[in-house]
Each structure stands twice: as structure tokens, then as C-alpha cells.
Amino acid sequence: MSDRITPPPMPSYGPPMPPVPQPQAKKHRTAIIAAAAAVVAAAVSAAITAGATGSSGTRAAPTVTVTETASGTDTTADNTMDSTDEFADEDESDDVFALTDTVTYENDVAVSLSSFQRSVSGEYASPENTNYVQFTVKVKNGGRKTLDTTGLTVNCSYGEDGHGSESIFDSDHSLGGGPDTKLLAGRSINVPWGCELPKGEKVIQVEVSPDMESESAIFTGKVK
């Protein structure tokens with residue numbers, strides 16, 4: 001009998017296990033997160049824009065613009081303005097009018113100038129002892145709403161080069177500035193005004209705005 005011992009056969013472990021699946025790359029998830037962030041940013045931007053312009057997108061109301069003119073009939077024009085002068089015709093454009101024109105805005109408010117005459121301010125006026133031209137500013141409210149004429153502005157310049165012209169305040173000539181009342185629909189108001197105009201100067205430019213919401217109408221011409 002042999003002393004050698006034969007070892008038992010090794011047990012069978014079956015087929016090899018399949019490899020454990022690795023987690024997918026995070027690229028797709030990153031793309032989804034980026035797209036979501038872009039959507040959120042767009043929503044925030046839209047909200048900010050809506051807050052700045054209003055939910056309806058309505059803009060501020062535009063200023064009233066001059067739409068038409070008609071020749072004025074100033075009975076004193078022949079005595080105070082040089083009717084043979086062609087200065088106004090040469091410079092007249094869509095936004096510049098002759099001294100005798102009537103300018104009508106699209107809200108049916110009309111502005112005109114009349115009764116130009118030269119004078120000298122008194123010693124108690126501001127500025128005093130100054131040559132100036134006095135005229136009447138007429139504002140007619142042909143619209144349906146009350147017009148706030150407390151915002152009436154009148155600015156002048158004189159000469160071919162456009163020198164600044166001070167407004168004259170002289171109680172002796174009823175020159176006290178603009179009105180302090182509102183103008184009801186269908187009514188008109190006449191406001192006396194004076195602007196500095198030296199003796200040797202004839203060319204005058206008058207810019208009138210009937211209220212704070214209207215553009216200025218520019219009148220120009222020569223005064224005798």
C-alpha cells in the first residue's frame with residue numbers, strides 16, 4: 001500500500017462575473033443644469049424689463065408738436081413791423097414762423113403774437129432804462145381739456161447772430177411775466193410781454209411754449 005495521498009480536485013467556480021457597469025459621465029447632467037440656468041436668467045431679465053417699462057409697455061406721452069399755421073391779421077403790423085422785409089420768408093421752415101403767423105398745436109391750442117411796439121423801460125423796471133419791444137402773446141384753448149398756462153414760457157433773442165434778450169418786467173407797462181391761472185376749454189388769454197431790443201437792432205426771434213408739455217413755436221421777423 002502506497003503512502004502517497006492524492007489531493008481532491010479543486011471546486012468549480014462557474015463562469016466569470018460580468019464587469020460592474022461604471023457610472024455614466026456627468027456631461028449630460030451638466031448640460032441640463034446649464035440650460036435651466038439660462039431659462040432662469042431670461043425670466044429674471046424679462047421681469048426687470050417689465051418693471052422698467054411697465055407691464056403694458058406704454059411709453060411716456062410725446063410732447064405736443066406744431067402741426068399747422070395760418071397767417072395772422074395784426075392791425076398794428078403795418079406800423080410796427082417792416083412789411084417789405086423778406087427775412088421771415090427766407091428763414092421760414094416747418095418749425096419757424098413769421099411774427100404774424102398763428103401756430104396751432106395738435107391739441108387745438110393756438111398761439112399768436114401781435115401789437116409789436118418799441119419802448120424804454122422805466123427806472124423801477126427790471127432791467128431799467130432798457131430799449132425793448134413789447135408785444136402781446138395770445139393763447140387760445142380750442143381743445144376739450146383745461147390748459148395749465150402757468151407753464152407758459154417766452155424766450156427772445158435778437159440780431160442776425162442771435163444775441164440773448166432779457167425779458168422786461170415793468171409794472172408801468174403791465175409787464176409782470178406770465179399768467180398764474182389755468183385756461184378753460186374754449187377760452188383765450190392775452191399776455192403782454194417785453195423783450196430787450198437795442199435801437200439799432202431789428203431782427204427779433206420769439207420762442208413761445210403755451211404750457212410745460214408743449215414744444216416751443218419759433219416766431220421771427222423784423223421790427224421797425
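The questions and answers below concern a predicted model.

User: How are the residues numbered, and what limits apply to a predicted model?

Analyst: Residues are numbered from 1 along each chain as its sequence is written, and side-chain values use heavy atoms, with hydrogens and water left out. Because the model is predicted, local features need pLDDT of at least 70, side-chain atom pairs count only at pLDDT 80 or more, and totals for chains, interfaces and linings use all residues.

User: Why is threonine 220 called buried?

Analyst: Buried means under 20% relative accessible area, exposed means over 50%, and partly exposed lies in between (1.4 Å probe, protein chains only). Threonine 220 has 5% relative accessibility, so it counts as buried.

User: What makes aspartate 108 partly exposed, and what makes serine 174 exposed?

Analyst: Aspartate 108 is at 44% relative accessibility, so it counts as partly exposed. Serine 174 has a relative accessible area of 54%, and therefore counts as exposed.

User: What is unusual about phi in residues other than glycine?

Analyst: Most residues other than glycine have a negative phi, and most peptide bonds are trans. Aspartate 108, in the loop between E3 and E4, has a positive phi of about 70 degrees. Serine 174, in the loop between strand E7 (163-165) and E8, has a positive phi of about 60 degrees. As for peptide bonds, serine 126 and proline 127 are joined by a cis one, with omega about -10 degrees. Proline 127 is in the loop between E4 and E5.

User: How do you know that cysteine 156 and cysteine 195 form a disulfide?

Analyst: A disulfide is a pair of cysteine sulfur atoms within 2.5 Å. The S to S distance between cysteine 156 and cysteine 195 is 2.0 Å, and the pair is joined by a disulfide. A search of the whole structure finds one disulfide. The link has 60 degrees about the S-S bond and is right-handed. Cysteine 156 lies in strand E6 and cysteine 195 in strand E8, so the link ties together parts that are 39 residues apart in sequence. Both cysteines are buried.

User: What are strands, and which ones pair with E9?

Analyst: Strands (E, at least two residues) and helices (H or I, at least four) are DSSP runs, numbered from the N terminus. Two strands pair if DSSP finds at least two bridges between them. E6 and E9 have six bridges and pair in the antiparallel sense, with cysteine 156 opposite valine 206 in E9. E9 and E10 also run antiparallel and are joined by six bridges; glutamine 205 has threonine 220 in E10 as its bridge partner.

User: Why is E9 described as largely enclosed?

Analyst: Five of its seven residues are buried, so E9 is largely enclosed by the rest of the structure.

User: What makes a group of residues a nonpolar core, and which residues have the most contacts inside the largest one?

Analyst: A nonpolar core is a set of buried Ala, Val, Leu, Ile, Met, Phe, Trp, Tyr and Cys residues joined through side-chain atoms within 4.5 Å. The largest has 29 residues, and Leu113, Phe135, Val137, Val154, Ile204, Val208 and Phe219 have the most contacts inside it. Elements giving two or more residues to this core include strand E4 (109-120), strand E5 (131-141) and strand E9 (203-209).

User: Which residues does valine 154 touch?

Analyst: Contact means heavy atoms within 4.5 Å. Not counting residues up to four places away in sequence, valine 154 touches Phe135, Val137, Ser167, Trp193, Val206, Glu207 and Val208.
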